Amino acid sequence: MTMTDPASLPRPSREEAEDAIRTLLRWAGEDPSREGLLDTPGRVVRSYEEFFEGYGVDPTAILSRTFAEVDDYDEIVLLRDIRFESHCEHHMVPIIGVAHVAYLPNKRVVGISKLARVVEAYARRLQIQERLTAQIANTINDVLQPHGVAVILEAGHQCMTTRGVHRPGVSMVTSRMLGVFRTNSDTRRELMAMLNRPSVADSHM
């Protein structure tokens, strides 16, 4: 089956997008012309621009600037509890969770804010959590070429909590381990120990 590049498809105009929202409102049993809903189509389209802005971001470019002056630092770099908001591609409802991103540098490091921006670039697209986890890890691995990359995501899916089986409080955990995090059990245990330590950020709240 040949996959179509989304970027090659003609993009509807804002007016067409707003008309689509009015159609959905009518389908739900509402009157889009009533006062409280007059501005709803415009608001929804603007919110979609924010929810899905990741389609306009190149995650590879985010990681393009690295730093070599690290005094031979060769231990784990871990950024944990990165809050992310995504949307399930099956029902278009929110996926909200946290990401833990680690890598073992190979002579070069990247600014820590860039790791969070890579998470956001992929999260702000229609997603499934498994693919989101792999995309983050694979991009960091391909661009930085470190000794290893580890990405762990824990999230709640509103497609499960607000519809269907209606199971609030359930979270899904996914992980992607590459390089030494996959092959070296000692390195993996060190990462798990770091993740289980109390957060300095929490202690200052």
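How many nonpolar, polar and charged residues are in the lining of the largest pocket? The first close-up takes that up, and the others move on to a second pocket and two helix pairs. Keep in mind that this is a predicted model.

**View 1. The largest pocket and its lining.** By class, the lining has 16 nonpolar residues, 1 polar residue and 5 charged ones. That adds up to a wall of 22 residues. If you want to find the middle of the pocket, look for Arg 11, Pro 12, Tyr 48, Phe 52 and Tyr 55, which lie nearest its centre. The space inside comes to about 910 Å³. Helix H1 (14-27) and helix H2 (40-51) each put at least two residues into the lining, and H1 gives the most, with 5 residues.

**View 2. The second largest pocket.** Here the volume is about 160 Å³. The lining is made of 14 residues, and those nearest the centre are Gln 129, Glu 130, His 157, Cys 159 and Met 172. Helix H5, strand S6 (148-157) and helix H6 (158-161) each chip in with at least two lining residues. Sorted by class, the lining splits into 8 nonpolar, 5 polar and 1 charged.

**View 3. Where H1 meets H2.** Both helices turned up in the lining of the largest pocket, and here we look at how they pack. Their axes come within 9 Å and cross at roughly 115°. The crossing of H1 and H2 is right-handed. On the H1 side, the contact is made by Arg 14, Ala 17, Glu 18, Ile 21, Arg 22 and Leu 25. H2 answers with Thr 40, Pro 41, Gly 42, Val 44, Val 45, Arg 46 and Glu 49. Taken by class, this contact has 6 nonpolar, 2 polar and 5 charged residues.

**View 4. Where H4 meets H5.** Helix H4 (residues 112-123) packs against helix H5 (residues 129-144) at an angle of about 140°, with the axes 10 Å apart. The two helices are therefore oblique to each other. Their crossing is right-handed. From H4, the residues that take part are Leu 115, Val 118, Val 119, Tyr 122 and Ala 123. They meet Leu 132, Gln 135, Ile 136, Thr 139 and Ile 140 in H5. The residues of this contact divide into 8 nonpolar and 2 polar, with no charged ones. H5 is also the helix that helps line the second largest pocket in View 2, where it supplies at least two residues.

Terms used. Residues numbered from 1 in each chain as written. Predicted model: local features only at pLDDT ≥ 70, side-chain atom pairs only at ≥ 80, totals over all residues. Heavy atoms only, no water. Axes fitted to C-alpha atoms, helices over the stretch in contact; angles between N-to-C directions. Helix = DSSP H or I, 4+ residues; strand = E, 2+ residues; numbered from the N terminus. Parallel < 35°, antiparallel > 145°, perpendicular 65-115°, else oblique. Left-handed = near helix turned anticlockwise from the far one by under 90°. Contact = heavy atoms within 4.5 Å. Nonpolar A, V, L, I, M, F, W, Y, C, P; charged D, E, K, R; others polar. 1 Å grid on protein atoms, 1.4 Å probe; cavity = no way out; pocket = protein on both sides within 12 Å on 5 of 7 lines; lining within 4 Å. Points joined across faces, edges and corners; volume = space filled by probe spheres on them.
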